[in-house]
Amino acid sequence: MDALQCIRTRRSCRSYEDRPIPHERILELLTLGTRAATGSGLQPWGFAVLDGRAEIAALSDEIKAWLLENFSDFPYLAQYEEWLRKDSYNIFNKAHNVLCIYGSTASHWHVYDATLCAANIMLAAHAQGMGTCWIGFAESFMDRPEIKARYSVPETFRLVSVLSIGYAKGQMPEATREAPRIFNR
(Lines give C-alpha, C1' and ligand atoms only; values in the text may rest on other atoms or scores of the structure.)
Protein backbone atom coordinates (compact mmCIF):
# COMPACT_ATOMS: atom_id res chain seq x y z
CA MET A 1 0.00 0.00 0.00
CA ASP A 2 1.48 3.37 -0.93
CA ALA A 3 1.62 6.23 1.59
CA LEU A 4 -1.30 8.18 0.11
CA GLN A 5 -3.59 5.14 0.05
CA CYS A 6 -2.57 4.36 3.63
CA ILE A 7 -3.51 7.88 4.77
CA ARG A 8 -6.82 7.80 2.85
CA THR A 9 -7.94 4.44 4.24
CA ARG A 10 -6.69 4.38 7.86
CA ARG A 11 -9.52 4.32 10.40
CA SER A 12 -9.75 3.87 14.14
CA CYS A 13 -10.24 0.17 14.74
CA ARG A 14 -12.49 -1.07 17.53
CA SER A 15 -12.76 -4.71 16.54
CA TYR A 16 -9.77 -7.01 16.59
CA GLU A 17 -9.14 -10.64 15.74
CA ASP A 18 -8.41 -12.93 18.68
CA ARG A 19 -4.66 -13.15 18.12
CA PRO A 20 -1.79 -11.15 19.57
CA ILE A 21 0.79 -9.27 17.55
CA PRO A 22 4.22 -10.91 17.88
CA HIS A 23 6.84 -8.98 19.85
CA GLU A 24 9.02 -8.55 16.75
CA ARG A 25 6.18 -6.77 14.90
CA ILE A 26 5.55 -4.50 17.89
CA LEU A 27 9.26 -3.64 17.98
CA GLU A 28 9.17 -2.91 14.24
CA LEU A 29 6.18 -0.58 14.71
CA LEU A 30 7.93 1.26 17.55
CA THR A 31 11.03 1.62 15.39
CA LEU A 32 8.95 3.02 12.54
CA GLY A 33 7.30 5.36 15.02
CA THR A 34 10.67 6.76 16.00
CA ARG A 35 11.30 7.76 12.38
CA ALA A 36 8.95 10.69 13.03
CA ALA A 37 10.10 14.29 12.88
CA THR A 38 11.53 15.47 16.18
CA GLY A 39 12.21 19.00 17.43
CA SER A 40 15.93 19.71 17.67
CA GLY A 41 16.56 16.00 17.10
CA LEU A 42 15.79 15.27 20.78
CA GLN A 43 13.73 12.11 20.16
CA PRO A 44 11.91 12.43 23.51
CA TRP A 45 9.63 9.40 23.15
CA GLY A 46 9.49 6.32 25.36
CA PHE A 47 7.06 3.41 25.46
CA ALA A 48 5.23 1.04 27.75
CA VAL A 49 4.14 -2.09 25.87
CA LEU A 50 1.23 -4.05 27.33
CA ASP A 51 0.55 -7.60 26.16
CA GLY A 52 -2.15 -10.11 26.97
CA ARG A 53 -5.89 -9.84 26.74
CA ALA A 54 -6.48 -10.76 30.40
CA GLU A 55 -4.03 -8.16 31.74
CA ILE A 56 -5.40 -5.50 29.41
CA ALA A 57 -9.02 -6.34 30.33
CA ALA A 58 -8.14 -6.02 34.03
CA LEU A 59 -6.52 -2.65 33.33
CA SER A 60 -9.65 -1.57 31.44
CA ASP A 61 -11.78 -2.40 34.49
CA GLU A 62 -9.37 -0.54 36.76
CA ILE A 63 -9.49 2.56 34.55
CA LYS A 64 -13.29 2.48 34.25
CA ALA A 65 -13.66 2.30 38.04
CA TRP A 66 -11.17 5.14 38.54
CA LEU A 67 -12.87 7.34 35.94
CA LEU A 68 -16.29 6.76 37.51
CA GLU A 69 -14.92 7.57 40.99
CA ASN A 70 -13.46 10.80 39.62
CA PHE A 71 -16.11 11.53 37.01
CA SER A 72 -16.59 15.16 38.04
CA ASP A 73 -12.97 15.83 36.98
CA PHE A 74 -13.78 14.73 33.42
CA PRO A 75 -16.91 16.59 32.25
CA TYR A 76 -15.99 15.94 28.61
CA LEU A 77 -16.64 12.22 29.25
CA ALA A 78 -20.24 12.71 30.38
CA GLN A 79 -21.63 11.35 27.10
CA TYR A 80 -19.80 8.05 27.72
CA GLU A 81 -20.93 7.35 31.28
CA GLU A 82 -23.30 4.58 30.19
CA TRP A 83 -20.45 2.80 28.37
CA LEU A 84 -18.13 3.07 31.38
CA ARG A 85 -20.76 1.55 33.66
CA LYS A 86 -21.19 -1.56 31.50
CA ASP A 87 -19.24 -4.57 32.78
CA SER A 88 -18.89 -5.83 29.22
CA TYR A 89 -17.34 -2.60 27.89
CA ASN A 90 -13.57 -2.80 27.39
CA ILE A 91 -11.93 0.58 26.77
CA PHE A 92 -9.14 -1.15 24.81
CA ASN A 93 -11.58 -2.85 22.45
CA LYS A 94 -10.51 -6.31 23.68
CA ALA A 95 -7.09 -5.88 22.07
CA HIS A 96 -4.21 -8.23 22.91
CA ASN A 97 -1.74 -5.34 22.69
CA VAL A 98 -1.63 -1.74 23.93
CA LEU A 99 1.09 0.83 23.34
CA CYS A 100 1.55 3.78 25.69
CA ILE A 101 3.63 6.57 24.21
CA TYR A 102 5.29 8.96 26.62
CA GLY A 103 7.38 12.06 25.98
CA SER A 104 10.30 13.36 28.02
CA THR A 105 9.58 16.78 29.47
CA ALA A 106 13.27 17.60 28.93
CA SER A 107 12.12 18.49 25.42
CA HIS A 108 9.81 21.45 24.95
CA TRP A 109 8.39 19.59 21.91
CA HIS A 110 7.71 16.23 23.60
CA VAL A 111 3.93 16.35 22.98
CA TYR A 112 4.34 17.16 19.28
CA ASP A 113 7.12 14.64 18.75
CA ALA A 114 5.36 11.80 20.55
CA THR A 115 2.14 12.58 18.66
CA LEU A 116 4.00 12.37 15.35
CA CYS A 117 5.49 9.07 16.55
CA ALA A 118 1.97 7.78 17.34
CA ALA A 119 0.77 8.79 13.88
CA ASN A 120 3.66 6.89 12.27
CA ILE A 121 2.80 3.80 14.32
CA MET A 122 -0.87 4.05 13.36
CA LEU A 123 -0.08 4.37 9.65
CA ALA A 124 2.58 1.64 9.71
CA ALA A 125 0.19 -0.73 11.48
CA HIS A 126 -2.55 -0.02 8.93
CA ALA A 127 -0.16 -0.60 6.03
CA GLN A 128 0.58 -4.06 7.50
CA GLY A 129 -3.04 -5.12 8.03
CA MET A 130 -3.31 -4.09 11.67
CA GLY A 131 -5.67 -1.63 13.25
CA THR A 132 -5.17 0.93 16.00
CA CYS A 133 -7.32 3.21 18.11
CA TRP A 134 -6.21 6.18 20.20
CA ILE A 135 -7.71 5.51 23.65
CA GLY A 136 -8.65 8.80 25.28
CA PHE A 137 -10.22 7.08 28.30
CA ALA A 138 -6.75 5.95 29.42
CA GLU A 139 -4.90 9.26 29.16
CA SER A 140 -5.23 10.63 32.72
CA PHE A 141 -5.00 7.25 34.41
CA MET A 142 -1.83 6.10 32.62
CA ASP A 143 -0.04 9.35 33.52
CA ARG A 144 -0.55 8.94 37.29
CA PRO A 145 2.76 8.53 39.19
CA GLU A 146 1.83 5.14 40.67
CA ILE A 147 0.81 3.79 37.26
CA LYS A 148 3.97 5.09 35.60
CA ALA A 149 5.96 3.37 38.38
CA ARG A 150 4.06 0.13 37.70
CA TYR A 151 5.34 0.19 34.11
CA SER A 152 8.83 1.60 34.92
CA VAL A 153 8.13 4.93 33.20
CA PRO A 154 10.46 7.68 34.51
CA GLU A 155 8.77 10.53 36.40
CA THR A 156 10.04 13.06 33.84
CA PHE A 157 7.97 11.49 31.06
CA ARG A 158 4.37 12.54 30.38
CA LEU A 159 1.78 10.39 28.66
CA VAL A 160 0.92 11.54 25.16
CA SER A 161 -0.99 8.63 23.61
CA VAL A 162 -2.42 5.21 24.39
CA LEU A 163 -3.12 3.00 21.38
CA SER A 164 -4.98 -0.30 21.29
CA ILE A 165 -3.54 -2.37 18.48
CA GLY A 166 -4.39 -5.65 16.83
CA TYR A 167 -5.24 -7.40 13.62
CA ALA A 168 -8.31 -5.64 12.32
CA LYS A 169 -11.45 -7.74 12.08
CA GLY A 170 -12.77 -7.04 8.58
CA GLN A 171 -12.40 -3.99 6.36
CA MET A 172 -13.76 -0.60 7.21
CA PRO A 173 -14.98 1.95 4.68
CA GLU A 174 -12.98 5.11 4.08
CA ALA A 175 -13.70 7.88 6.54
CA THR A 176 -15.55 10.91 5.28
CA ARG A 177 -14.12 14.27 6.25
CA GLU A 178 -15.13 17.85 5.71
CA ALA A 179 -13.09 19.96 3.32
CA PRO A 180 -10.08 21.68 4.88
CA ARG A 181 -10.97 24.95 6.65
CA ILE A 182 -8.65 27.61 5.24
CA PHE A 183 -8.74 30.85 7.22
CA ASN A 184 -6.91 33.24 4.92
CA ARG A 185 -9.01 32.75 1.78
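## Thr132 and its surroundings

Thr132 is part of strand E3, which covers residues 130-134. The model is a predicted one. Thr132 has a relative accessibility of 2% and therefore counts as buried, the cut-off for buried being under 20%.

Beyond its neighbours within four places in sequence, Thr132 is in contact with Arg10, Arg11, Ser12, Cys13 and Tyr16. Its other contacts of this kind are Met122, Ala125, Ser164 and Ile165.

## Nonpolar cores

In soluble globular proteins, nonpolar side chains tend to be buried together. Here the largest nonpolar core holds 32 residues. Ile63, Ile91, Phe92, Cys100, Met142 and Val162 have the most contacts inside this core. At least two of its residues come from each of strand E1 (45-51), helix H3 (53-69), strand E2 (97-104) and strand E4 (157-167). Helix H3 gives the most, with five residues.

Cys100 can be followed further. Leaving aside neighbours within four places in sequence, Cys100 is in contact with Gly46, Phe47, Ala48 and Leu50, and also with Met142, Leu159, Ser161 and Val162. A second core, separate from the largest one, has 20 residues, including Ala124, Ala125, Val160 and Ile165. Two of these, Ala125 and Ile165, are also among the contacts of Thr132.

## A nonpolar patch on the surface

Leu42, Trp109 and Tyr112 make a nonpolar surface patch of about 320 Å². Leu42 sits in the loop between helix H2 (23-33) and strand E1. With 45% relative accessibility, Leu42 counts as partly exposed, because that class lies between 20% and 50%.

## Salt bridges

Side chains of opposite charge can pair when their charged atoms come close. The model has eight salt bridges. One of them joins Arg150 to Glu62, with the closest N and O atoms 2.7 Å apart. This pair links distant parts of the chain, since Arg150 is in helix H6 (residues 145-150) and Glu62 is in helix H3, 88 residues apart. Both partners are partly exposed: Arg150 has a relative accessible area of 40%, and Glu62 has a relative accessibility of 32%.

Lys148 forms a salt bridge with Asp143, and their closest N and O atoms are 3.7 Å apart. Both Lys148 and Asp143 are buried. Through salt bridges that share partners, Asp143, Lys148 and Arg158 are joined into one network. Arg144 pairs with Glu146 in another salt bridge, where the closest N and O atoms are 2.3 Å apart. Glu146 is partly exposed, at a relative accessible area of 43%.

Notes:
Residues are numbered from 1 along each chain as its sequence is written. This is a predicted model: local features need pLDDT of at least 70, side-chain atom pairs count only at pLDDT 80 or more; totals for chains, interfaces and linings use all residues. Side-chain values use heavy atoms; hydrogens and water are left out. Helices (H or I, at least four residues) and strands (E, at least two) are DSSP runs, numbered from the N terminus. Buried means under 20% relative accessible area, exposed over 50%, partly exposed in between (1.4 Å probe, protein chains only). Contact means heavy atoms within 4.5 Å. A nonpolar core is a set of buried Ala, Val, Leu, Ile, Met, Phe, Trp, Tyr and Cys residues joined through side-chain atoms within 4.5 Å. Patches are made of residues with over 30% relative accessible area and no salt bridge: like charges are joined within 9 Å, nonpolar side chains (Val, Leu, Ile, Met, Phe, Trp, Tyr) within 5 Å. Accessible areas come from the Shrake-Rupley method with a 1.4 Å probe; for residues, only the protein chains shown count as cover. A salt bridge is a side-chain nitrogen of Lys or Arg within 4 Å of a carboxyl oxygen of Asp or Glu.
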